Amino acid sequence: MIDAGPPDAGPPEPFVPRFAPMDDDGGFTLAPNPRFDRKTVELDADSRTLAMLDRELLASDAGLPRADAQTFPDLYSLHDGVFTFRGGPARANSDFGFIPRAPKSLSIAWMVTTGQSKPPWLGGTGWTGQPAIVRWPAVIRHSMSKLGDLRRREDFVEVIQGSLDGSVHFIDLATGKRSRPALVTGNPIKGSVSVDPRAYPLLFVGQGIPENKPIGLRVYELIGHKEVFFLPGSDKEAPRRGWGAFDSSGLLNRNTDTYVVGGENGLIYLIKLNTNFDPLELTLEVKPEVARYRYKSPGLSDFGVENSLSVFRNLAFFADNGGTLQSLDLRTMTPRWKFEAGDDTDASLSVQLFEGRPTLFTGTEVDKTGPKGNTWLRRLDALTGKAAWEKSYPCEQILEPKKRDAGVFATPVPGTGEVAHLVFFVLARCPGPENGVLLALDKRTGNEAWRVELPRYTWVTPVLLTDEEGKAWLLHAGIGGMVRLHEALTGKLVASVQLEGDIESSPSVFGGRAVIGTRLNRIYAVDIK
């Protein structure tokens with residue numbers, strides 16, 4: 001079923017995306033995503049923090065994929081769109097282009113319904129559930145026969161949304177009509193899908209719940225919708241044997257054809273794909289070589305990585321269910337430092353250059369420290385793992401009918417442009433078990449710049465938007481289905497729109513149109529006007 005808009009809506013206005021100006025590399029800059037130097041980072045291992053960390057590299061038969069180029073380029077993709085969770089290695093934002101000047105309203109442009117899997121998951125989208133949005137280059141668009149007549153439409157932009165119904169849905173961003181048949185994976189998808197940043201027709205889908213098939217990471221070519229690789233979550237090398245979900249959204253280094261991703265089985269994977277794509281013969285094959293990083297920290301019994309790895313040049317950053325944060329050199333798959341956060345950390349770490357140094361922003365849950373405890377918000381030096389500041393906020397779990405944790409589930413959002421001095425955090429079940437807080441903190445000191453008390457809790461990562469005059473805005477949503485637009489500098493609420501169903505998923509925005517799913521079997525497009 002497709003609904004072109006709310007019942008009382010008139011004829012929909014044509015959607016005209018707004019783009020950032022062309023950058024020096026010939027691609028559009030993901031405003032306001034920062035640009036990084038291309039040089040590698042040489043760090044000695046911190047013997048003090050790593051002294052008690054047991055770790056080993058489990059290479060494939062072919063050995064470790066060549067390390068000489070395992071440095072991510074400063075631009076994740078040279079093509080138009082949002083290709084992975086939070087846009088790229090910095091995990092800093094999930095928008096492409098600009099929004100209109102001085103927006104005053106949010107309105108529903110279209111709605112698509114999903115199917116349902118078995119209870120309690122059913123359909124719609126869960127956490128993190130962010131869609132990919134891609135404007136395919138012409139040669140790639142023409143290679144995908146399942147697009148039908150859309151292969152010839154020059155302005156075609158495609159939404160690719162994983163769903164709890166176990167399928168990946170493909171939608172025309174402009175019209176809300178299905179662009180091709182859904183891809184049935186067999187298991188509910190909680191996390192965010194990722195698309196090859198080279199704009200190859202290659203889709204990566206991490207499965208979160210076992211239902212009809214073994215769960216793991218499934219890779220599909222989008223020419224014929226065939227599965228070309230399956231990485232099982234049930235891995236004999238994993239320290240956690242009983243659970244094999246992949247809520248993490250991986251990153252593909254377009255210079256090395258290498259994919260890096262974390263698993264809830266406790267392993268970090270570096271996968272050399274050996275991709276062979278022929279757009280004329282309409283064939284795409286991969287022959288993966290898999291290397292695994294396995295570790296154990298003292299006292300750690302809660303293995304598993306649910307956040308999506310962030311990367312600065314050749315350094316990857318991640319946290320686990322036990323609260324251990326690490327920096328990993330992707331050239332050798334060896335740790336450089338670790339930091340004990342004190343509790344489960346599911347939210348991805350965001351990385352940004354601040355005052356000339358790569359900086360991490362991170363927050364913990366209240367899980368093992370509950371039912372009443374503090375969530376800790378921190379700024380860390382990405383080169384040393386040392387905390388520049390940390391702030392605590394009281395939160396409270398619920399225990400009945402099922403334990404639900406509190407604290408930080410949303411990825412911190414580092415500001416740019418007119419809010420370059422701020423970083424934004426979202427707290428769930430803080431201070432009480434039902435409500436939440438949207439915070440802006442000063443990057444230098446950690447002091448509050450403003451706060452918005454939310455009547456319901458939220459796990460949704462906000463999107464930092466820039467309008468055509470350079471003014472910053474913050475798009476946010478949560479439980480209860482309300483989507484809100486705030487002035488990023490002050491927190492002032494300027495617009496809102498009510499959707500049907502609770503929102504756990506993070507939105508993507510392309511040229512002024514946001515796409516976001518709900519737990520009530522729905523995927524929405526919302527226009528920022």
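## Strand 8 and its neighbours

Let's start inside a sheet: Ser167 stands opposite Val184, which belongs to strand 9. That pairing is part of a predicted model, so please read each position here as computed. Strand 8 and strand 9 (residues 183–184) run antiparallel and are joined by two bridges. On another side of the story is strand 7 (residues 158–162), which is also antiparallel to strand 8 and connected to it by five bridges. Within that pairing, Ile160 has Phe170 of strand 8 as its bridge partner. Four residues separate strand 7 from strand 8 in a hairpin, and in the turn Gly166 has a positive phi of about 90 degrees.

How much of strand 8 is buried? Six of the six residues in strand 8 (residues 167–172) are buried, so the rest of the structure largely encloses this strand. Both of its faces are covered: one side carries Ser167, His169 and Ile171, the other Val168, Phe170 and Asp172, and all of these are buried.

## The open sheet

Stepping back, these strands belong to an open sheet of five, in the order 3-6-7-8-9, with antiparallel pairing. The edges are taken by strand 3 (81–82) and strand 9; each has a single partner strand, so one side of each lacks a neighbour in the sheet. Further along the order, strand 6 (residues 132–134) pairs with strand 7 through three bridges, again in the antiparallel sense. In that pairing, Ile133 sits opposite Val159 of strand 7.

## Leu183 in the edge strand

Leu183 is a handy residue to look up in strand 9. Is Leu183 buried or exposed? Its relative accessibility is 3%, and because buried means under 20%, Leu183 counts as buried. Beyond residues up to four places away in sequence, Leu183 touches Gly166, Ser167, Val168 and Phe170, along with Tyr220, Leu222 and His225. Leu183 and His169 are 14 residues apart in sequence, while their C-alpha atoms are 6.7 Å apart in space.

## Nonpolar cores

The largest nonpolar core holds 61 residues, and those with the most contacts inside it are Trp136, Ile160, Val168, Leu203, Leu217, Ile268 and Ile271. Leu203 makes a good example to click on. Setting aside neighbours within four places in sequence, its contacts include Ile160, Val168 and Phe170, as well as Val193, Ser194 and Val195. Arg218, Val219, Tyr220 and Leu222 are also in contact with Leu203. Another core lies apart from this one, with 22 residues, among them Val460, Val483, Ala495 and Tyr524.

## Aromatic rings and charges

The model has 10 aromatic pairs. One of them joins Tyr295 and Phe318, a tilted pair with centres 5.9 Å apart and 55 degrees between the planes. This pair links distant parts of the chain, with Tyr295 in strand 19 (residues 289–296) and Phe318 in strand 21 (residues 315–319), 23 residues apart. Tyr295 is buried at a relative accessible area of 2%, and Phe318 is buried too, at 0% relative accessibility. The rings of Phe424 and Trp450 form a tilted pair as well, with centres 5.9 Å apart and planes at 45 degrees. Phe424 lies in strand 31 (residues 422–428) and Trp450 in strand 33 (residues 448–454), so this pair ties together parts 26 residues apart in sequence. Phe424 is buried with a relative accessible area of 0%, and Trp450 is buried with 7%.

Tyr293 joins Tyr295 and Phe318 in one aromatic cluster. Charged side chains meet rings as well: Arg180 lies over the face of Phe170, 4.7 Å from the ring centre. Likewise, the charged end of Lys471 sits over the ring of Trp473, at 5.4 Å from its centre.

## Confidence in the model

The mean pLDDT of the protein is 91, and 91% of its residues reach 70 or more. Over residues 1–12, however, the pLDDT is below 50, and this stretch has 16 contacts in the model beyond near neighbours in sequence. Residues 20–37 also have pLDDT below 50, with 49 contacts in the model beyond near neighbours in sequence. Predicted coordinates should not be read in detail where pLDDT is low.

Conventions. Residues numbered from 1 in each chain as written. Predicted model: local features only at pLDDT ≥ 70, side-chain atom pairs only at ≥ 80, totals over all residues. Heavy atoms only, no water. Core = buried A, V, L, I, M, F, W, Y, C linked by side-chain atoms within 4.5 Å. Buried < 20%, exposed > 50% of the residue type's maximum accessible area, 1.4 Å probe, protein only. Contact = heavy atoms within 4.5 Å. Phe/Tyr/Trp six-rings, centres within 6.5 Å; stacked < 30°, edge-to-face > 60°. Lys NZ or Arg CZ within 6 Å of the ring centre and 35° of its normal. pLDDT = per-residue confidence, 0-100. Pairing = 2+ DSSP bridges.
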